[in-house]
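Here's a walk through one model, taking in a pocket, a sheet and a few ring contacts. Have the viewer open and follow along.

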Amino acid sequence: MRITRITLANCRNYGEATIEPQAGLNVFLGRNAQGKSNLLEAIGLLGTGKSFRTSREAEIVRDGFGLASVSADAIVRSGNVTLGFTIARGERTTRKTLTINGRAVRYAHFLGKLRVVSFAPADLAVIVGAPGLRRAFLNLALAQEQPSYYTALAMYTRTLRQKNALLRAGPPYDEQLFAIYDRTMVERGARMTLARAQYVQALGPHARADHLRWSAGEELVLGYHSAIGYEIGDDEATLRERFEGALEAARGRERARGVALVGEVA
Ligand SMILES: Nc1ncnc2c1ncn2[C@@H]1O[C@H](COP(=O)(O)OP(=O)(O)O)[C@@H](O)[C@H]1O
Ligand SMILES: [Mg+2]
């Protein structure tokens with residue numbers, strides 16, 4: 001999987017630039033603020049549909065312009081593909097368009113066509129920072145790899161938001177609605193937990209081998225811990241039970257505090 005051509009137009013500090021990366025390692029050298037990180041950001045946009053530098057996408061549009069675009073020819077698993085990403089900055093709104101071979105596609109379809117892994121100094125926070133960053137890391141990796149993970153995540157996130165709204169509103173509660181939300185969270189959450197656990201387990205030996213090589217002998221062990229109590233070997237049904245148990249145990253506290261306390265998403 002590789003990019004054979006990438007064109008940036010009115011993207012950050014680029015007017016128009018086309019680069020044809022070669023197979024293997026490509027190194028970009030340049031003075032400070034010349035646009036090296038901006039180029040990496042543009043590549044990331046084509047893989048994840050999102051910037052790893054900012055959540056305010058309007059920033060990506062070159063100052064003084066209305067439309068930024070990144071497009072690239074890439075060789076991916078399914079063959080040759082042309083990917084496009086544009087952001088139109090209007091007076092009040094910002095509109096993003098994702099295309100595959102010139103046809104506009106939905107985010108879920110675009111995501112993961114080209115697999116991109118970014119690593120910047122700030123990413124060390126994945127190790128030393130808050131748990132939410134590790135969840136976000138796993139979500140991004142798994143959403144690129146498995147469309148069904150993305151669907152589950154989207155559904156789960158929406159449900160959690162709805163549940164929080166219900167909790168915030170306070171009693172009297174619509175118990176039926178609560179039960180529906182909990183069931184959705186348990187179902188999707190168990191599937192996501194299992195996918196995360198399997199991902200960490202698969203990553204473990206690779207991370208260990210790389211770390212051993214770079215650190216001259218230090219051993220790295222990756223493990224997966226979940227607030228709902230994952231144990232190695234758990235299947236989806238077991239995880240559903242654990243999730244249900246955790247929700248039940250927290251029910252009183254969640255209602256007293258008016259906020260969901262189990263199953264944060266990122
Ligand atoms: N929307 C934008 N319009 C024009 N210039 C931008 C925009 N966003 C960032 N820049 C410029 O891009 C430059 C930083 O580029 P960057 O890729 O971070 O540099 P580096 O090569 O050091 O990694 C800065 O000069 C900054 O002002
Ligand atoms: Mg930089």
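Two elements, β1 (2-11) and α1 (36-48), each supply at least two residues of the lining of the second largest pocket. Helices here are DSSP runs of H or I with at least four residues, strands are runs of E with at least two, and both are numbered from the N terminus. The largest share of that lining comes from α1, with four residues.

A word on ground rules: this is a predicted model, so local features need pLDDT of at least 70 and side-chain atom pairs count only at pLDDT 80 or more, while totals for chains, interfaces and linings use all residues. Residues are numbered from 1 along each chain as its sequence is written, chains are lettered from A and ligands numbered from 1 in the order in which they are written, and side-chain values use heavy atoms, with hydrogens and water left out.

Back to the pocket. The second largest pocket has a volume of about 670 Å³. Of the 25 residues lining the second largest pocket, those closest to its centre are F28, L40, I43, V116 and V117. A pocket, on a 1 Å grid over the protein atoms alone, is an open set of points where a 1.4 Å probe fits, with protein on both sides within 12 Å along at least five of seven lines; lining residues have an atom within 4 Å of a point. Grid points are joined across faces, edges and corners, and the volume is the space filled by probe spheres set on the points. By class, the lining of the second largest pocket breaks down into 16 nonpolar, six polar and three charged residues. Nonpolar covers Ala, Val, Leu, Ile, Met, Phe, Trp, Tyr, Cys and Pro, charged covers Asp, Glu, Lys and Arg, and the others, Gly among them, are polar.

Now for the sheet. Six strands make an open sheet in the order β2-β1-β3-β4-β5-β6, with antiparallel pairing. Its edge strands are β2 (14-19) and β6 (103-104), each of which pairs on one side only. Two strands count as paired if DSSP finds at least two bridges between them. Here are four of the pairings:

| Strand pair | Bridges |
|---|---|
| β1 and β2 | five bridges |
| β3 (67-76) and β4 (79-89) | 10 bridges |
| β4 and β5 (94-100) | seven bridges |
| β5 and β6 | two bridges |

Starting from the β2 edge, I6 stands opposite I19 in β2, and A9 stands opposite E16 in β2. The hairpin of β1 and β2 has two residues between the strands, and R12 takes a positive phi near 50° there.

Further across, a hairpin joins β3 to β4 through two residues. G84 is a handy landmark: S71 stands opposite G84 in β4, and G84 stands opposite T99 in β5. The bridge partner of F85 in β5 is L98. The β4 and β5 hairpin has four residues between the strands.

At the β6 edge, the bridge partner of I100 is R103 in β6. The hairpin of β5 and β6 has two residues between the strands, with N101 at a positive phi near 50°.

Which rings meet which? A search of the whole structure turns up four aromatic pairs. One of them, Y224 with Y230, is edge-to-face, at 5.4 Å centre to centre and 70° between the planes. Rings of Phe, Tyr and Trp (its six-membered ring) pair if their centres lie within 6.5 Å; planes under 30 degrees apart count as stacked, over 60 as edge-to-face and the rest as tilted. Both Y224 and Y230 are buried, where buried means under 20% relative accessible area, exposed over 50% and partly exposed in between (1.4 Å probe, protein chains only).

R255 has ring contacts too. R255 lies over the face of Y173, 4.7 Å from the ring centre, and its charged end sits over the ring of F178, 4.5 Å from that centre. The cut-off for a charge over a ring is NZ of Lys or CZ of Arg within 6 Å of the ring centre and within 35 degrees of the ring normal.

Finally, A260 lies in the segment after α7 (236-257). A260 is buried, with a relative accessible area of 13%.
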